[in-house]
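Dear colleague,

I am handing over the structure we spoke about, and below it you will find an account of what turned up in it. Please look through the sequence and the model before reading on.

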Amino acid sequence: MVSLSSDLQTTLRQRFGHLEKSSTNSDCILPIVIFIMTHAAKPKAEMSQEELAQREQEEFESGPLSVLTQSVKTNTQVLINCRNNKKLLGRVKAFDRHCNMVLENVKEMWTETPKSGKGRKKSKPVNKDRYISKMFLRGDSVILVLRNPLATAQ
């Protein structure tokens with residue numbers, strides 16, 4: 001249930017009061033819903049600190065960052081694709097809105113192509129990996145975050 005400010009309620013009565021006398025509710029619902037959706041959301045600059053915190057919490061719970069929120073809560077692994085063409089498989093301990101993350105038990109994976117000298121055939125790429133116990137990942141290097149497919153299949 002959405003709570004409306006008294007100003008918004010007054011405006012709704014002024015604009016749509018004539019629809020209350022309408023014979024069907026469906027005639028008055030759509031214009032009211034459209035009006036509320038376009039006017040009820042305040043810009044961030046007009047929000048109080050409490051409203052901003054509540055909005056951020058809602059975005060973390062239901063928006064794109066919900067993958068990270070769930071990972072922190074359930075201590076499950078995520079697969080992170082980074083801009084340096086490396087993949088990180090690890091557990092998220094903390095994160096922020098910029099996708100900066102503190103990760104634990106991380107397996108970093110990448111491929112390297114060995115250098116081919118004169119007269120040598122073109123080398124095949126070699127898969128490499130390493131273990132990192134704790135790390136901080138800067139958010140601007142994150143391209144994609146996936147839930148661990150093995151954990152979600154179980």
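**What was found**

In the antiparallel pairing of strands β2 and β3, Val-92 stands opposite Leu-103 in β3. Please bear in mind from the start that this is a predicted model, and that the values that follow are computed from it.

To place that pair, it may help to begin with the chain as a whole. Its secondary structure comes to 5 helices and 5 strands, and read from the N terminus the elements follow the order α-α-α-α-β-β-β-β-β-α. Of the 154 residues in the chain, 25% are buried, and the accessible surface comes to about 11,700 Å², with 53% of that surface belonging to carbon and sulfur atoms. When the contacts between residues at least 6 apart in sequence are taken together, 44% of them join residues at least 24 apart.

The sheet

The 5 strands form an open sheet in the order β4-β3-β2-β1-β5, and the pairing is antiparallel. Its edge strands are β4, covering residues 126-137, and β5, covering residues 142-147, each of which pairs on one side only. From one strand to the next, the twist averages 30°.

Within this sheet, strand β1 (residues 77-82) pairs with strand β2 (residues 87-95) in the antiparallel sense over 5 bridges. Two positions show how the register runs there: Leu-79 stands opposite Leu-89 in β2, and Asn-81 stands opposite Lys-87 in β2. The two strands form a hairpin with 4 residues between them, and in the turn Asn-85 has a positive phi of about 65°.

Strand β2 also pairs with β3, again in the antiparallel sense, and here the pairing extends over 7 bridges. This second hairpin has 5 residues between its strands, and Cys-99 takes a positive phi near 70° in it.

A residue in β3 worth a look

Asn-105 is found in strand β3, and its phi is near 50°, which is a positive value in a residue other than glycine. Is Asn-105 buried, partly exposed or exposed? It counts as partly exposed, because its relative accessibility is 37%, a value that falls between the limits of under 20% for buried and over 50% for exposed. Setting aside residues up to four places away in sequence, Asn-105 touches Leu-89, Gly-90, Arg-91, Tyr-131, Ile-132 and Ser-133. Its C-alpha atom is separated by 9.9 Å from that of Leu-88, a residue 17 places away along the chain.

Helix α4 and the loops on either side

Helix α4 (residues 66-74) lies across β1, β2, β3 and β5, and it runs at about 80° to β2. Thr-69 has its place in this helix and is buried, with a relative accessible area of 7%. Apart from its neighbours within four places in sequence, Thr-69 is in contact with Phe-60, Glu-61 and Phe-95.

The loop between α3 (49-62) and α4 holds Leu-65. With a relative accessible area of 16%, Leu-65 is likewise buried, since the limit for that term is under 20%. What does Leu-65 touch, if residues up to four places away in sequence are not counted? The residues in question are Phe-60, Phe-95, Arg-97 and Cys-99. One of them, Arg-97, is 32 residues away from Leu-65 in sequence, while the two C-alpha atoms are 7.7 Å apart in space. Phe-60 and Phe-95 thus appear in the contacts of Leu-65 and also in those of Thr-69.

In the loop between α4 and β1 lies Asn-75, whose phi is near 55°, a positive value in a residue other than glycine. Asn-75 is partly exposed, with a relative accessible area of 34%.

Aromatic rings

How many aromatic pairs does a search of the whole structure find? It finds 0. A ring does take part in another kind of arrangement, however: the charged end of Lys-86 sits over the ring of Trp-110, at 4.6 Å from the centre of that ring.

With best regards

Note on methods
Residues numbered from 1 in each chain as written. Predicted model: local features only at pLDDT ≥ 70, side-chain atom pairs only at ≥ 80, totals over all residues. Heavy atoms only, no water. Phe/Tyr/Trp six-rings, centres within 6.5 Å; stacked < 30°, edge-to-face > 60°. Lys NZ or Arg CZ within 6 Å of the ring centre and 35° of its normal. Pairing = 2+ DSSP bridges. Axes fitted to C-alpha atoms, helices over the stretch in contact; angles between N-to-C directions. Contact = heavy atoms within 4.5 Å. Buried < 20%, exposed > 50% of the residue type's maximum accessible area, 1.4 Å probe, protein only. Areas by Shrake-Rupley, 256 points an atom, 1.4 Å probe, with all protein chains shown as cover.
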